[in-house]
Amino acid sequence: IYSCCYLNRRLNQLSSHDPLWKRHCKKYWLISEKEKSRRNESWRSIFISTYSDLGRYIRYYATLKKAWDDLEKYLGQWCPRMIGSLKESVREEDLDAVEAQIHCKLPDDYRCSFRIHNGQKLVVPGLMGSMALSNHYRSEDLLDIDTAAGGFQQRLGLKQCLPLTFCIHTGLSQYMALESVEGRNKYEIFYQCPDQMARNPSAIVMFITGTSYLEWFTSYVNKVVTGGYPIIRDQIFRYVHDKECVATTGDITVSVSTSFLPELSSVHPPHYFFTYRIRIEMSKDALPEKACQLDSRYWRITNAKGDVEEVQGPGVVGEFPIISPGRVYEYTSCTTFSTTSGYMEGYYTFHCLYYKDRFFNVTIPRFHMVCPTFKVSTA
C-alpha cells in the first residue's frame, strides 16, 4: 500500500511538472512560446483547456492547423484578396446541429478543419483553384458548413454525399461520400459526371480526387504552397507541371503543364478533355540578334491505343509571338482524347528577326495527360 501511495504521489508530481506539457502543446496544438506568453498560463493548463475543446481531433488538429497556417501565409503573399473570403471557425454545437440536420455523421478530420476555418464565402476567386479557357471558366470555393449541409444529397446516384466545393460559374462540385453506398468508399471524394448513354438519369461516373478529407485538403495545400500550381491574375490555377517536361533548343526553353477538366469530360461516351499551358522563354544571356518570331507549330498527338494524329498550322492560338532575350511567352490551349490517356509532342518553327531568311525548329517536349481514377455508380 505504501509503495502504491508513493508511486501515485510520484506520478502526480511528474504530471504537474510543467516542462513535460510543453512538448505536447507544441506537438498536438501547435502552441508557440509567443502564444503561451500572451495567454499567461502554464503549459499544463493550456494543454488541458485545449484538449477539453478539441480533444476528439488530437489525431488531426496539428496537421490541419499547419496546412491552414501555411496556406494563409502563402495567400497573404501571392493572393491577398482571397484571405478576406475565409470564414472564422465554427463551434462544436454548430457541427453537431449539421449532423442532426442531415442525419449522418461527419468525419472527424472534416469537422476539425471547420474548427479552424469555416470554408469561405461564395466569391471569386475560389480557394480550391481556378481554370480558364477562351470560352470556359471555373473557380471552386471551399463551402462553409451550412452551405454544404444545404447541398447534402439523398437522391439516387449521389445518396448520402456532401458537397465540399462549388463553382458558381459551372455548378461543378466535389463531393464526399459519408457512407459506403452506390459503389463508393466511405469518405471518398470525387467529381460527378453524368453517364450520357444510360437510360437512368441517376447513373453517374465519379472521378476520384481523394480518399479522405485530410489527404484531399493537405495534398492540395502542399501543392499550392510549394509552387506546384501557378498563380495567374491573383488566382491559383490547377495546372500540374512535370519537371522533366522541359526541352531546350539553343537559347529557347519550352515547358508544359497540364490539367484534366472533369466538367467537360465524359466516360460514356468516351471524351476526356485536357488543357495545357505552354511557356516559351529565351535565355536572358542570349545575344540580341537571337530575337525571333514564331511562325508555325507542328503537333504529333498519340492516344492510348497508339492512334496518331498530326496537326500543323500557323502561329499559336492566333498569335505570332516575338521572343527576345529574357522574354517569356505563355499560352493555353486544349485537346480531347477518346482514351483515358495520351500524349503530345512536336515543334515550333521560328524565323530570326535579324536574318529574315533563317528558319529553325524548337522542340516541344512530350507531355502526357492521364484521366484520374474513376468509378461507375451502382445506383
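Start with a charge and a ring: arginine 358 sits over the face of tyrosine 355, 4.4 Å from the ring centre. Keep in mind while looking around that this is a predicted model.

**Rings that pair up**

Aromatic rings meet in many places here, and the count comes to 23 aromatic pairs. Take phenylalanine 274 and phenylalanine 337 as one of them: their ring centres are 6.0 Å apart, and with 70 degrees between the planes the pair is edge-to-face. Planes over 60 degrees apart are what earns that label. Phenylalanine 274 belongs to strand S12 (residues 272–282) and phenylalanine 337 to strand S16 (residues 328–337), so this contact ties together parts that lie 63 residues apart in sequence. Are these two rings buried or exposed? Both phenylalanine 274 and phenylalanine 337 are buried.

Now try phenylalanine 350 and phenylalanine 360. Their centres are 5.8 Å apart and their planes meet at 15 degrees, so this pair counts as stacked. Phenylalanine 350 comes from strand S17 (residues 341–352) and phenylalanine 360 from strand S18 (residues 359–370), so the pair links parts ten residues apart in sequence. How buried or exposed are the partners? Phenylalanine 350 has 0% relative accessibility and therefore counts as buried. Phenylalanine 360, at 25%, counts as partly exposed, because buried means under 20%.

There is also a group of rings to look for: Trp68, Tyr110, Phe114, Tyr213, Trp216 and Phe217 form one aromatic cluster.

**Strand S13 and its partners**

Next, follow strand S13, which covers residues 292–303. Which strands does S13 run antiparallel to, and how many bridges join them? Here is the list, with a residue pair from each.

| Partner of S13 | Direction | Bridges | A facing pair |
|---|---|---|---|
| S14 (residues 308–314) | antiparallel | seven | serine 296 and proline 314 |
| S15 (residues 322–323) | antiparallel | two | glutamine 293 and isoleucine 322 |
| S17 | antiparallel | eleven | tryptophan 299 and glycine 346 |

To find your way along S13, look for glutamine 293, whose bridge partner in S15 is isoleucine 322. Serine 296 stands opposite proline 314 in S14, while tryptophan 299 has glycine 346 across from it in S17. As you trace the chain, remember that side chains in a regular strand alternate between the two faces of the sheet.

S13 and S14 also make a hairpin, with four residues between the strands. What is there to spot in that hairpin? Glycine 306 takes a positive phi near 90 degrees.

S17 turns up in both parts of this tour: S13 is joined to S17 by eleven bridges, and phenylalanine 350 of the stacked pair lies in S17 as well.

Technical notes: Residues numbered from 1 in each chain as written. Predicted model: local features only at pLDDT ≥ 70, side-chain atom pairs only at ≥ 80, totals over all residues. Heavy atoms only, no water. Phe/Tyr/Trp six-rings, centres within 6.5 Å; stacked < 30°, edge-to-face > 60°. Buried < 20%, exposed > 50% of the residue type's maximum accessible area, 1.4 Å probe, protein only. Lys NZ or Arg CZ within 6 Å of the ring centre and 35° of its normal. Pairing = 2+ DSSP bridges.
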